Amino acid sequence: MTSLGDLPIRDDLRGQKAYGAPQIDVPVQLNTNENPYGPSEALVRALGEGVAATAGTLNRYPDRDAVDLRAGLAAYLNHEAGVRLDTGRVWAANGSNEIILQILQAFGGPGRSALGFEPSYAMHPTISMVANTRWIDAFRDEDFGLEAQRAVAAIEEHRPDVVFLTSPNNPTGTALDHEAIKAVLSVAPGMVVVDEAYGEFRRSGTPSALELLPGNPRLIVTRTMSKAFALAGARLGYLAADPAVLEALLLVRLPYHLSSVTQAVARTALSFREELLGYVQELRATRDETVEWLRGEGFRVADSDANFILFGTFDDRDAVWRRMLDRGVLIRAVGPPQWLRVSVGTPAEMAAFRSALKESV
Ligand SMILES: *Cc1c(COP(=O)(O)O)cnc(C)c1O
């Protein structure tokens, strides 16, 4: 039997463990921030038709630059206040995880560094490691926000080539104000990535970094169809940035990275935008109700602009997590050590969450 240690693997990968949330088959799955509302019958039919139309052309490579899809994504983003984008400023890939990898391949790499403010999305350091980019941990404030002065001090100290800001942040749900992002842009020597995977779930009045794109060619805003568009299984992430950034990404992307099937599925989902965003409104309402319920029960709860809630505090969160799982409710032990994260599900799933939690603390 050959073990991994016998193979001539890269030195920096030696001893690493593969990362991933447990995929456990239980009745109530509230652990990976998926959208609980599956596609409607009409959307399922349209997806089938879109894929069928593509099937006859699968002997050919896909549109390498996914031009139709990118035009659709730009038009979608232009519905947000103050945003003016076109195909030349929007790029797409297989999930925003691949988007992040491409950014690091182009702007990070050997001898370079990336910095993020913890607690945040674990894939930023993981993908940095994969892309041979040194990772630097900086830290959020006590309340999980990020005060502009502190962010500036961390960047001036470390001079990273790439800065990651997650807003709304995973796993805390915290959104950043423009002041913090502008302060980071004014001192960062390299690229600034604002990961807005949960952008559509932000509370009204919370701004998007998309508004800051004009005049900031080193700003990249990433989005995904995994959460708001309920399309985690299709793998479609995208970004908005200056056209020069897209030129850089063309140098590192794999040829024909986005399959014809993926492009067709994503275009169809975009055409059902109104229906899908209707579910986002429901999830925002369910989130706010759940935050209130948790606070009423005496828990500490981080303000959330996302489709999940971080709550605590527990002396032994793993024991609570396990007791919840025994009751058929899977949540996530992630982030600061005494807290748990629950994704927002349907009203029925949240009722199951509430009763399991009451029995588990
Ligand atoms: C879920 C999530 C993503 C999305 O990843 P995909 O590859 O698009 O599914 C990106 N960033 C953050 C912070 C997330 O939580």
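**Contacts, burial and backbone geometry**

Me: A polar side-chain atom of aspartate 195 lies 2.8 Å from a nitrogen atom of the ligand. What makes such a pair a polar contact?

Reply: The model is predicted. The cut-off for a pair of N or O atoms is 3.5 Å. The atoms of aspartate 195 and the ligand are 2.8 Å apart, within that limit, so the pair counts as a polar contact.

Me: Which polar side-chain atom lies 2.7 Å from an oxygen atom of the ligand, and which polar backbone atom is 2.6 Å from one?

Reply: The side-chain atom belongs to arginine 235. The backbone atom is from serine 96. Both distances fall within 3.5 Å, so these pairs also count as polar contacts. Taken alone, the ligand exposes 390 Å², and the protein buries 94% of this area.

Me: What surrounds the ligand, by residue class?

Reply: The shell has 7 polar, 3 charged and 3 nonpolar residues. Helix H3 (residues 95-107) supplies the largest share, 3 residues. Of the 13 residues around the ligand, those that come nearest are Ser96, Tyr198, Thr224, Ser226 and Lys227. The ligand takes up the space of the largest pocket.

Me: Why does asparagine 170 count as buried?

Reply: Its relative accessibility is 7%, and buried means under 20%, so asparagine 170 is buried. This residue is in the loop between strand S5 (162-166) and helix H6 (178-187).

Me: Which side chains does a polar contact join to that of asparagine 170?

Reply: One partner is arginine 341, at 2.7 Å. Another is tyrosine 198, at 3.5 Å, and tyrosine 198 is also one of the residues that come nearest to the ligand.

Me: Where are the cis peptide bonds?

Reply: One runs from asparagine 170 to proline 171, with omega near 15 degrees; proline 171 is likewise in the loop between S5 and H6. Another joins glycine 312 and threonine 313, with omega about -5 degrees. Threonine 313 is in the loop between strand S10 (308-312) and helix H10 (317-326).

Me: Why is asparagine 132 called partly exposed, and is phenylalanine 144 buried or exposed?

Reply: Asparagine 132 has a relative accessible area of 34%, between the 20% and 50% limits, so it is partly exposed. Phenylalanine 144 has 10%, under 20%, and is therefore buried. Neither is a glycine, yet phi is positive in each: about 60 degrees for asparagine 132 and about 75 degrees for phenylalanine 144. Asparagine 132 is in the loop between helix H4 (123-130) and strand S4 (134-139), and phenylalanine 144 is in the loop between S4 and helix H5 (148-158).

Terms used: Residues numbered from 1 in each chain as written. Predicted model: local features only at pLDDT ≥ 70, side-chain atom pairs only at ≥ 80, totals over all residues. Heavy atoms only, no water. Near = heavy atom within 4 Å. Polar contact = N/O pair within 3.5 Å; in protein donor to acceptor, adjacent residues only side chain to side chain. Areas by Shrake-Rupley, 256 points an atom, 1.4 Å probe, with all protein chains shown as cover. 1 Å grid on protein atoms, 1.4 Å probe; cavity = no way out; pocket = protein on both sides within 12 Å on 5 of 7 lines; lining within 4 Å. Sits in = over half its atoms within 2 Å of the grid points. Helix = DSSP H or I, 4+ residues; strand = E, 2+ residues; numbered from the N terminus. Nonpolar A, V, L, I, M, F, W, Y, C, P; charged D, E, K, R; others polar. Buried < 20%, exposed > 50% of the residue type's maximum accessible area, 1.4 Å probe, protein only.
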